[in-house]
Amino acid sequence: YPKLITCDISGYGDDGRLFGLKAYDLLVQAESGLVSISGAPGDWGRIGVSVCDITAGMNALIGIQQALIQRERKGMGLP
């Protein structure tokens with residue numbers, strides 16, 4: 001099905017030593033250091049919104065839109 005467009009989201013990639021680990025938003029915020037700059041007084045904690053999940057979804061949307069444009073122009077999505 002050359003016109004079929006699919007999207008997979010993986011927290012740590014498709015292979016490598018971290019493949020298969022869950023990438024919960026709070027975990028990604030902690031690993032990236034985002035929790036340390038939230039600006040809230042007291043102990044570190046997640047910021048108010050699930051920014052990592054939202055960003056992952058937005059990047060997936062961008063990729064899907066690019067594939068739709070490519071399919072319209074060339075008859076197939078991105079490789």
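Visitor: What share of contacts in the protein chain between residues at least 6 apart in sequence joins residues at least 24 apart?

Guide: The share is 34%. Contact here means heavy atoms within 4.5 Å. This is a predicted model, where local features need pLDDT of at least 70, side-chain atom pairs count only at pLDDT 80 or more, and totals for chains, interfaces and linings use all residues. Residues are numbered from 1 along each chain as its sequence is written, and side-chain values use heavy atoms, with hydrogens and water left out.

Visitor: What makes up the secondary structure of the protein chain?

Guide: Two helices and zero strands. Both kinds are DSSP runs, numbered from the N terminus: helices are H or I with at least four residues, strands are E with at least two.

Visitor: Why is the protein chain called more spread out than a compact globule?

Guide: Its radius of gyration is 17 Å, and the globule rule gives 12 Å for 79 residues. The radius is taken over C-alpha atoms, and the rule is 2.2 Å times the number of residues to the power 0.38. The value is well over the rule, so the chain counts as more spread out. Along the principal axes, the C-alpha atoms fill a box of roughly 55 × 25 × 10 Å.

Visitor: How much of the protein chain is buried?

Guide: Buried residues make up 11% of the 79 residues. Buried means under 20% relative accessible area, exposed over 50%, partly exposed in between, with a 1.4 Å probe and protein chains only.

Visitor: Why is D15 called exposed?

Guide: Its relative accessible area is 61%, so D15 is exposed. D15 sits in the segment before α1 (25–32). Its C-alpha is 20 Å from that of D53, 38 residues apart along the chain.

Visitor: How do you know which class V49 belongs to?

Guide: Its relative accessibility is 49%, so V49 counts as partly exposed. V49 is in the loop between α1 and α2. Beyond neighbours within four places in sequence, V49 is in contact with D25 and Q29. The C-alpha atoms of V49 and L27 are 13 Å apart, at 22 residues along the chain.

Visitor: And what makes R46 partly exposed?

Guide: A relative accessibility of 36% puts R46 in that class. R46 also lies in the loop between α1 and α2. Not counting residues up to four places away in sequence, R46 touches D25, L26, Q29 and V35. From R46 to D8, 38 residues apart along the chain, the C-alpha separation is 25 Å.

Visitor: How many disulfides does a search of the whole structure find?

Guide: Zero. C7 is in no disulfide, and the nearest cysteine sulfur, that of C52, is 17 Å away. A disulfide is a pair of cysteine sulfur atoms within 2.5 Å.

Visitor: Why is there no bond between C52 and C7?

Guide: The sulfur of C52 is 17 Å from that of C7, the closest cysteine sulfur, so the distance is too far for a bond. C7 itself has a relative accessible area of 36% and so is partly exposed.

Visitor: Where does C52 lie, and which residues does C52 contact beyond its neighbours within four places in sequence?

Guide: C52 lies in helix α2 (residues 51–74). With those neighbours left aside, C52 is in contact with D25, V28 and Q29. C52 and S32 are 20 residues apart in sequence and 9.9 Å apart in space, C-alpha to C-alpha.
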